[in-house]
Amino acid sequence: MAFVQLEGLGKRYGEIDAVVATNLSVEKGEFVSLLGPSGCGKTTTLQMIAGFVEVSSGRIVLDGRDITHAKPASRGLGVVFQSYALFPHMTVKDNVAFGLRMRKVANGELQQRVDRVLKLVRLNQHADRYPRELSGGQRQRVALARALVIEPPVLLLDEPLSNLDANLREEMQFEIRRIQREVGITTLMVTHDQSEALSISDRVVVMQAGRITQIDAPYTLYEHPRTEFISGFVGKANLLPGERDDAGVVQVRSGGELILSLRPEKIDLRDAGHGRLQGNIVSRFFLGSQWLYGVSTTLGELSVVRRNDGSAPLTEGTAVGLDWDATLLRVLSVDEVPA
Amino acid sequence: MSTLVAIRHGRQGYWLSAPALALYLGLLVIPLLLTLVLSFNVFDYSSGINSDAYTLDHYSSLLGDPYFYEIFLRTMWISALTTLLCVVIGVPEAYILSRMGTPWRSIFLILILTPLLISVVVRAFGWSLLLGADGLVNQTLQAFGASPMKLLYTPFAVVIALVHVMLPFMIIPVWTSLQKLDPAAEQAAMSLGASHFTVMRQVVLPQIMPGVLSGTLIVFGLAASSFAIPGLLGGRRIKMVATLIYDQYLSELNWPMGAAIAVALLLLNLLIMLSWNRMIEGRYKKSLG
């Protein structure tokens with residue numbers, strides 16, 4: 001049996017199903033992300049696990065113990081909130097020590113554990129500051145330290161990075177992953193940011209309208225999205241019509257009944273007249289390490305990403321040929337859930 | 001920004017705030033100064049106020065007469081008790097209010113504020129109807145076979161009516177500081193193993209202390225200088241300082257004595273409120289900024 005098990009977990013608010021019969025198994029030490037657009041039920045799922053939201057149906061089992069209706073205080077889980085939810089009237093040290101004080105940990109051991117966890121999140125210099133004297137990233141670390149110090153069986157992260165600016169967010173992503181690895185703690189993170197989910201999770205759970213639509217490792221999820229929605233939500237995707245040829249190989253065909261997904265970076269640009277499809281560059285965006293081209297073709301406008309290798313980029317209006325490896329085409333199923 | 005700086009450094013600022021300053025000066029500072037001067041004037045029952053002669057007699061009789069001590073002491077304990085009851089009732093009320101759903105919250109907030117629209121005098125009369133010798137409360141007591149109680153013209157009547165009148169002044173500042181609270185902080189505390197009681201005591205209460213402090217200052221200040229309620233519900237026997245001043249001015253016609261009592265009340269009020277403010281604010285200023 002898995003360490004954390006959601007069995008047919010559901011939540012109804014009046015007439016509205018926020019989460020529908022969700023099944024999920026998380027192994028010990030695993031980092032799992034719940035990814036989805038806002039309102040997909042990912043936060044509700046997390047809050048049910050934390051015990052802040054009453055469960056309507058199904059069970060939550062933690063390490064063999066049914067905690068479906070246990071009080072939040074008795075679950076002993078570490079929770080990091082989107083707003084950090086630090087206690088503004090307490091110093092960093094007191095914030096972190098709060099959970100230990102609730103557990104009546106003796107003073108000597110308490111000091112030791114607080115020091116250790118503050119060192120882990122690299123905040124030992126700021127132990128006597130108040131939250132308002134810290135930067136966003138530092139507050140984030142305090143929240144993380146406060147959740148970790150009680151040595152919870154599971155760490156729950158609710159959009160932990162959404163209040164940080166882009167640079168800091170990336171830094172904190174790696175920081176969270178480093179800490180998670182170091183402590184070896186089972187972690188569930190809710191996020192709407194696909195790059196965040198892809199970069200730090202062992203597995204990503206895609207949720208949509210209260211249901212799980214795909215569970216896979218980040219690479220598999222990116223390379224083999226199951227549905228049209230997922231292919232567009234996780235990374236960028238060109239959607240092309242297609243069909244199977246006589247040999248059963250999927251090919252792009254105008255008017256074909258299959259929906260195919262082709263990632264922008266999988267398309268090669270050739271000279272006009274070469275390749276599988278002809279088109280004209282209609283737009284060009286510089287992304288630093290890459291160029292993003294919009295190419296208008298008979299199958300619609302396609303996005304193409306090329307590495308910025310230092311050579312002069314193509315200008316708008318240039319006629320180009322597009323080519324790709326047919327094995328990189330993915331057949332998508334039509335969304336079973338209305339987005 | 002530059003306009004603001006210019007206003008701050010130039011003389012323009014004084015002109016812009018002149019209307020407010022004139023109002024403040026004309027309606028507060030000058031009357032207070034006149035009262036202060038008046039409190040030193042000589043008074044004689046046969047010849048009235050002598051505004052050319054000055055004396056410290058009023059203050060010395062104020063300090064020497066146990067009759068005044070009793071009234072000042074009563075005013076202070078009634079105000080303190082009123083403040084305490086307002087905290088005990090108002091803080092939980094504000095908390096419950098802030099946790100209510102959308103339609104109910106506004107409805108109950110308005111309900112709490114509506115009494116402010118009714119004159120204090122009318123509300124005091126309402127209480128005297130309820131608490132009177134054959135008021136509703138005593139009628140009910142008698143209907144159950146109990147003997148009637150003396151409720152009106154007791155400190156009890158004054159305190160209960162004061163709490164009723166002052167409660168909104170406690171709820172509003174507490175409610176305001178509750179608005180600034182992050183509800184997730186309570187969830188965080190619970191996830192860390194805190195009981196509801198601990199969450200209230202260690203997480204919520206310390207954060208709303210500034211609101212509780214302003215509430216207590218407003219309530220105490222208003223209660224200590226209240227006139228209509230002790231006048232109507234305390235009767236002739238349960239005098240408070242404001243009713244005493246009224247008597248000195250209008251029954252005794254001893255204006256200088258009334259002025260001296262008024263000055264004394266003002267100083268005592270200031271002393272109590274400032275030290276209270278220092279005591280509480282000092283404890284929370286560092287952490288709450």
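This is a short talk on a predicted model with two chains, A and B.

Hi everyone, thanks for coming. Because this is a predicted model, local features are only discussed where pLDDT is at least 70. Let me begin with the two chains, then move to where they touch, and finish with some helices.

Chain A first. It has 339 residues, and 38% of them count as buried. Its secondary structure consists of nine helices and 19 strands. If you draw a box around the C-alpha atoms along the principal axes, you get roughly 75 × 45 × 35 Å. Now think about contacts in chain A with a separation of 6 or more: 64% of those come from residues 24 or more positions apart.

Now chain B. Here we have 289 residues, with 29% of them buried. Chain B comes to 14 helices and two strands. Its C-alpha trace spans about 75 × 75 × 35 Å along the principal axes. For contacts between residues at least 6 apart in chain B, 70% join residues at least 24 apart in sequence.

So how do the chains meet? Chain A brings 19 residues to the contact, and chain B brings 18 residues. On the chain A side, the elements that give two or more residues are α2 and α3, the latter running over 92–102. Which of them gives the most? That is α3(A), with three residues. Sorted by class, the chain A side has 14 nonpolar, three polar and two charged residues.

Let me zoom in on one residue there, A:A73. You will find A:A73 in helix α2 of chain A, which covers residues 72–75. Is A:A73 buried, exposed or partly exposed? A residue needs 20 or more C-beta neighbours within 10 Å to be buried, and 12 or fewer to be exposed. A:A73 has 18 inside 10 Å, so A:A73 counts as partly exposed. Apart from neighbours within four places in sequence, A:A73 is in contact with B:M190, B:G193, B:A194 and B:S195. Within its own chain, A:A73 sits 10.0 Å from A:G99, C-alpha to C-alpha, with their positions 26 residues apart in sequence.

One of those partners, B:M190, takes us into chain B. Helix α10 of chain B, residues 183–191, packs against helix α11 of chain B, residues 196–224. The angle is about 135 degrees, and the axes are 10 Å apart. Angles from 65 to 115 degrees would be roughly perpendicular and those over 145 roughly antiparallel, so α10(B) and α11(B) are oblique to each other. The crossing of α10(B) past α11(B) is right-handed. From α10(B), the residues involved are B:A185, B:E186, B:A189 and B:M190, and they meet B:V199, B:V203 and B:V204 of α11(B). That contact has six nonpolar residues, no polar ones and one charged.

Last stop: helix α5 of chain A, residues 136–148. Its 13 residues should span 18 Å at 1.5 Å a residue, and the end C-alpha atoms are indeed 18 Å apart, so the two agree. Why call α5(A) largely enclosed by the rest of the structure? Because 10 of its 13 residues are buried. Among them are A:R139, A:R141 and A:R146, along with A:V142 and A:L144. The cover over the buried residues of α5(A) includes β6 (78–80), α3, α4 (107–120), β7 (154–158) and α6 (166–183) of chain A. Notice α3 in that list: we met α3(A) earlier, on the side that touches chain B.

That's my tour, thanks for listening!

Definitions and conventions:
Residues numbered from 1 in each chain as written. Chains lettered and ligands numbered in written order. Predicted model: local features only at pLDDT ≥ 70, side-chain atom pairs only at ≥ 80, totals over all residues. Helix = DSSP H or I, 4+ residues; strand = E, 2+ residues; numbered from the N terminus. Contact = placed C-beta atoms within 7 Å. Nonpolar A, V, L, I, M, F, W, Y, C, P; charged D, E, K, R; others polar. Expected span 1.5 Å × (residues − 1). Axes fitted to C-alpha atoms, helices over the stretch in contact; angles between N-to-C directions. Parallel < 35°, antiparallel > 145°, perpendicular 65-115°, else oblique. Left-handed = near helix turned anticlockwise from the far one by under 90°.
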